[in-house]
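Could you walk me through this structure in the viewer, one selection at a time? Please tell me what to pick next and what I will find there.

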Amino acid sequence: MSNKWMLGVIDATAYMEPLQPLVLHRSVAAVPFAGRYRLIDFVLSSMVNSGIESVAIFPKYQYRSLMDHLGSGKNWDLNRKRDGLFFFPSPDLSISAHHVGAFAHFEQHIDYFLRSRQEYTIICHSHTVCNIDYEAVLERHIANGCDITEIRYQGRSLEMYVLETSLLLDLIANYKQTGYCSIVDVVRDYRHSYKICTYEHNGYAAVIDSVESYFRHSMELLNRDIWRQLFLPERPIYTKVKDEPPTKYTEKAVVKNSMIANGCIIEGHVENSIIFRSVKIGKGAVIKNSIIMQKSQIGEQCYLDSVIVDKDAKIENGVSLRGTERHPFVIRKGTVQGELMNR
């Protein structure tokens, strides 16, 4: 069955205090992940790989970097003359939404739904790392005669929902009378007559909602079995293409069990770590159990263990930083960490 009649809706309005300081200058959807991706790449790629040709992004806070990352949607084959990628920022920041799929946000851009030809809609948030075949979900939804299908992982909701677009329009039109403020409110209320179904996802999935979960799930990707569950050859994860040279490893560089993106210069020791694009690791530096985001510079003779270094940060020579698995040490984007702090 072709899935071209399903709309993709990504609710990118989430703001999570536990993800500070990684979301000081960017939305949750735009948080870098797995060496070269942003969190939104995973649900967006799943939609594209499922044949969805029209995707609407509903951002709310700090979405400049998200728009810069997605651009016209070309890297996801969504720069189309008909359908494609749409941004619908909320004009009213006072709207409170505690769950994915807030009808008040959708109502502000109701023309998008009214003009769409797709019979079905899938609604997701932007911060679940997964690789899901939504076409299979839709087929089950139709075969079982469901009104709403909720995707779950290990028995827990991933806050991803499939329903008919006409039902979504009815829910949006009547949310003030029904009291259902979001699609989650509908699913959790058992007093109505809707047929709510569940779909268990058997692959890998991780919800990123805190610095601790971000660090833990990032480190999980160094496990080859988990990597193979997420990065499937037949269902690739797409991201913004950047032309970078291959990473340069000097004669004394040591790299063990790590992900190294392109464009880096590695002169030190890297172990159990994730290194994003265009990072420089200085001579004699030791990086263990850490995440170094793009364009950051680690000076000579540094020692980092369980540290997250955000984009464009600089660690000067001789600095020693230690965090823990549950409380990784975080260096904010664009900051300089000097040797004086060690004294």
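Start by selecting T247 and showing what surrounds this residue. Apart from neighbours within four places in sequence, T247 is in contact with I260, A261, N262, G263, C264 and I266. Keep in mind as you look around that this is a predicted model.

**Stop 1: T247**

Two of those contacts deserve a closer look. A polar atom of the T247 side chain lies 2.5 Å from the backbone oxygen of A261, and the side chain of T247 also reaches the backbone nitrogen of C264 at 3.2 Å. Trace the chain on either side and you will see that T247 sits in the loop between helix 10 (224-230) and strand 12 (248-249). Is T247 buried or exposed? Its relative accessibility is 15%, and because buried means under 20%, T247 counts as buried.

**Stop 2: an open parallel sheet**

Next, colour strands 14, 17, 20, 23 and 26. These five strands form an open sheet in the order 14-17-20-23-26, with parallel pairing. Which strands stand at the edges? They are strand 14 (259-260) and strand 26 (329-331); each has a single partner strand, so one side of each is left without a neighbour in the sheet.

Now zoom in on strand 20 (residues 291-292) and strand 23 (residues 307-309), which pair in the parallel sense over two bridges. Select I292 and look across to strand 23: V309 stands opposite.

**Stop 3: strands 6, 8 and 9**

Move on to strand 9 (residues 156-164) and strand 6 (residues 120-125), an antiparallel pair with four bridges. Pick I123 here, and you will find its bridge partner, Y161, in strand 9.

Strand 9 also pairs with strand 8 (residues 148-153), again in the antiparallel sense, over five bridges. Strands 8 and 9 form a hairpin with two residues between them. Select Q154 in the turn, where phi is positive at about 55 degrees. Beside the turn, Y153 stands opposite R156 in strand 9.

**Stop 4: the second largest pocket**

Finish with the second largest pocket, which has a volume of about 300 Å³. To find its centre, select R38, H69, K242, Q294 and K311, the closest to that point among the 22 residues of the lining. Strand 3 (37-38) and helix 2 (64-70) are the elements that give two or more residues to this lining, and helix 2 provides the largest share, four residues. Colour the lining by residue type and you will find 12 charged, seven polar and three nonpolar residues.

Methods
Residues numbered from 1 in each chain as written. Predicted model: local features only at pLDDT ≥ 70, side-chain atom pairs only at ≥ 80, totals over all residues. Heavy atoms only, no water. Buried < 20%, exposed > 50% of the residue type's maximum accessible area, 1.4 Å probe, protein only. Polar contact = N/O pair within 3.5 Å; in protein donor to acceptor, adjacent residues only side chain to side chain. Contact = heavy atoms within 4.5 Å. Pairing = 2+ DSSP bridges. 1 Å grid on protein atoms, 1.4 Å probe; cavity = no way out; pocket = protein on both sides within 12 Å on 5 of 7 lines; lining within 4 Å. Points joined across faces, edges and corners; volume = space filled by probe spheres on them. Nonpolar A, V, L, I, M, F, W, Y, C, P; charged D, E, K, R; others polar.
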